[in-house]
Amino acid sequence: MASEIAGFRTICVKFNEKCVTYHYLYCKKHMTRDENASKPPDKTLFVVNIPPYCTKGALKHLFSCCGVIKDVYLMKYPGSEKKEQEPSNFITTSNELVGFKVGYIVFKKSSSLDAALNLDSSTIRVLSTAKKPVVTGMKKWVQEYQMQYPDATQLQTKVDEFMAQFDAKKEQSDKEAADTLNKPDDEGWVTVGRSGRNPAARRIDADKLHERRKKKKKRELLNFYQFQLRETRREHIANLRKKFEEDRKRVAEMKSARKFRPY
């Protein structure tokens, strides 16, 4: 016997066999003005008041007694579904909605929709069974946490494949570039790359530049703190004063050596 409220048929459900409380789902034939091939009105059941813990698998199991189910859609609000992002090869993300939801059950035959609308509302149906349990609580949180991280072995395999393809392409491009550089074409023109006609000379300049940068970096590390800067300046001033005294003595010695001595 089917009970009807405001055009909706009621279906009484509970979470599992041990649960003493129950919940009502409200369903009716899907009606829409827009033509949607994925949700034909004559084969689609519209369900509201779906509890947060209910999943697509639970709904599919619940209405499987009515006939073959082609697809199940769960949404936050009625309407056209949003396009989901392409799934990642490394990380599995959970697209489960939070809170109460609405659903669309698409059957393969129209007779299955009629059977779903005529389900007995007095029968209490179970959503989570021993064969097809609905994961909740701590187990669900652990499952969602583990889904955030990719499998290390699979990730390493993907990285190795990508690097192998990259190295092969790089080697091929370098080989093609080497075949065309510094060689005259049919008209006698020579293509000169960044290294010019003499790559060895450019390599030497690069080594010198690298050496200068290395010395500069080492000098910057030595004078990183303020006290290091003060000590460096103090040593520089002391060296200048020492050199000045040496130069003054040398000048005095030169003057005394050239001084005229008649006696």
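Contact here means heavy atoms within 4.5 Å. By this criterion, and leaving aside neighbours within four places in sequence, Arg125 is in contact with Ile11, Cys12, Val13, Lys14, Leu62, Leu119 and Asp120. The model is predicted. Arg125 itself is found in strand S7, which covers residues 124-126. This arginine is buried yet has no salt bridge. The nearest side chain of opposite charge belongs to Asp120, and it is 6.1 Å away. A salt bridge requires a side-chain nitrogen of Lys or Arg within 4 Å of a carboxyl oxygen of Asp or Glu, so a distance of 6.1 Å does not qualify. Asp120 is nevertheless among the contacts of Arg125.

The overall fold was examined next. The secondary structure comes to 6 helices and 7 strands. From the N terminus on, the elements run β-β-β-β-α-β-β-α-β-α-α-α-α. The order thus opens with four strands and ends with four helices. The protein has 263 residues, and 20% of them count as buried. Contacts with a separation of 6 or more were also sorted by distance along the chain. Residues 24 or more positions apart account for 66% of these contacts. The protein exposes about 21,400 Å². Carbon and sulfur atoms supply 55% of that area.

Charge pairing was then considered. Side chains of opposite charge can pair when their charged atoms come close. The structure holds 3 salt bridges. One of them joins Asp174 to Lys170, with the closest N and O atoms 3.0 Å apart. Both residues lie in helix H4, which spans residues 152-180. They are 4 residues apart, about one turn of the helix. Asp174 has a relative accessibility of 39% and counts as partly exposed. Lys170, at 42%, also counts as partly exposed.

Helix H6, residues 226-258, contains Arg248 and Glu245. Their side chains meet in a salt bridge at 2.6 Å, N to O. The two positions are 3 residues apart, again about one turn of the helix. Arg248 is partly exposed at 49% relative accessibility. For Glu245, the relative accessible area is 33%, so this residue is partly exposed as well.

Asp247 and Arg250 form another salt bridge, with 2.8 Å between the closest N and O atoms. This pair is also in helix H6. Because Asp247 and Arg250 are 3 residues apart there, about one helical turn separates them. Asp247 counts as partly exposed at 31% relative accessibility. Arg250 counts as partly exposed at 43%.

Backbone angles were inspected last. Most residues other than glycine have a negative phi. Ala6 has a positive phi of about 55 degrees although it is not a glycine. This alanine lies in the loop between strand S1 (4-5) and strand S2 (8-14). Its relative accessibility is 74%, so Ala6 counts as exposed. Asn49 also has a positive phi, near 65 degrees. Asn49 sits in strand S4, residues 44-50. At 27% relative accessibility, Asn49 counts as partly exposed.

Technical notes:
Residues numbered from 1 in each chain as written. Predicted model: local features only at pLDDT ≥ 70, side-chain atom pairs only at ≥ 80, totals over all residues. Heavy atoms only, no water. Buried < 20%, exposed > 50% of the residue type's maximum accessible area, 1.4 Å probe, protein only. Lys, Arg positive; Asp, Glu negative; His and termini not counted. Areas by Shrake-Rupley, 256 points an atom, 1.4 Å probe, with all protein chains shown as cover.
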